[in-house]
Amino acid sequence: MAFQPLYDISVIEKPIKAALGNENTETTIAILEGIRLAMNNYCTFRMPIVLTDEAIERLGLNEDTDENPNPDEMVDPEHDFTLRTLHNDETNKDWLVAFTSEEESKKGPESAIYTVPLFDILPRVAGIDAVEGIVINPWGTAFTLRRSMIEEILRINNPESQIFFNLGDITTLECDAIVNAANERLTGGGGVDGAIHQVAGKRLNKACSELGGCKTGEAKITKGYDLKARYIIHTVGPVYKGKGDEASYLAECYLNSLNLAMEHNIHSIAFPAISTGAYKFPAEEAASIALDIASQWLELHSEYGMQVIFCCHDQDMLDIYQRVLSDMTKQMNPPDLQGPVDLALQIPKADE
Ligand code: ADP
């Protein structure tokens, strides 16, 4: 199961189109909300750049053709290019340019393009006084995203909602809740289940025995007893047999645990890699599902503020989680270069 962000770049394009000829506060807010969602879903902007002579040579670019360089070649944003800017004579300040798609960037003269995630570029632009903002799709349905708007997007985006990683023993974590990869009888077993029961103490056995078991994919809650965590959420992962329905059961575990946590006003929750031990779920696929559900849930409940911690017992598991996450980011941010040519852009009028 591939990591599927909940939103794609159309979350910006649609409200911009809908606002055309009908610009008002409401349509602007819809656009800014689209940009916020796009930022949290690893969407990217295509930004025209000017490559240095050294970079052109190193990448083997031929300026006379539109030939793309080897896509494996990396460009170094620190040294290989500068972002193209448009100068606004009235304010004597610059605007950056961003396209939401290849189609949009091809509506005007071609340029070398750098593909950059919104979560990377927006905070940077917010910090540069000399830049007035970003003109999105200047040759199509141009939208001028002023720096003050970017600041507002970053201000309302809830930094309390985040995914973290931890390497070690989940029973040591000081958070509102830790999740137990339990069995259907909730009797305590081996692996992470055994470790949690051992540290939480006998009162946990008693509390679990009164819960009436827990079906695969469901989640139940008890106090944390002698743990540092206030609560334990017990969920039962699927035993992996390769039948095909395990992925949806595992997704249910994460979803039901997060929902139950919210019902109990829990704002930080640590998950082990459910089902990847005795239950033999392939680790990479399990990590994809865990990250997928957690990020979608955080997006849906962006107002709530939840810290999701993935607690990996060993370095191999941590590497897997981080690889799944970075593969996803890389897929969204490939170097994408064409021979540079000069842009002759007109600056759309900044919001009046
Ligand atoms: P399951 O039966 O759901 O597969 P296991 O406990 O056998 O559950 O394994 C689930 C994952 O928990 C495994 O990746 C294992 O390495 C990890 N694990 C085991 N002990 C701990 C612990 N104390 N803290 C965090 N993770 C643990």
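Colleague: What order do the strands of the open sheet take?

Modeller: The three strands run in the order β2-β1-β5, with antiparallel pairing. This is a predicted model, where local features need pLDDT of at least 70, side-chain atom pairs count only at pLDDT 80 or more, and totals for chains, interfaces and linings use all residues. Residues are numbered from 1 along each chain as its sequence is written, and side-chain values use heavy atoms, leaving out hydrogens and water.

Colleague: How do you know that β1 and β2 pair?

Modeller: Two strands (DSSP runs of E, at least two residues, numbered from the N terminus) pair if DSSP finds at least two bridges between them. Strand β1 (residues 44-51) and β2 have three bridges, so they meet that rule. In this pairing, Ile49 stands opposite Leu83 of β2.

Colleague: Why are β2 and β5 called edge strands?

Modeller: Both β2 (81-83) and β5 (112-117) pair on one side only.

Colleague: Now the ligand. What makes the approach of Thr276 a polar contact?

Modeller: A polar contact is a pair of N or O atoms within 3.5 Å. A polar side-chain atom of Thr276 lies 2.7 Å from a ligand oxygen, so the pair qualifies. Two backbone atoms fit as well: one N or O atom of Ile170 is 3.0 Å from a ligand nitrogen, and a polar one of Tyr279 is 3.0 Å from a ligand oxygen.

Colleague: How much of the ligand does the protein bury?

Modeller: The protein buries 88% of the 560 Å² that the ligand exposes when taken alone, by the Shrake-Rupley method with a 1.4 Å probe.

Conventions: Helix = DSSP H or I, 4+ residues; strand = E, 2+ residues; numbered from the N terminus. Polar contact = N/O pair within 3.5 Å; in protein donor to acceptor, adjacent residues only side chain to side chain.
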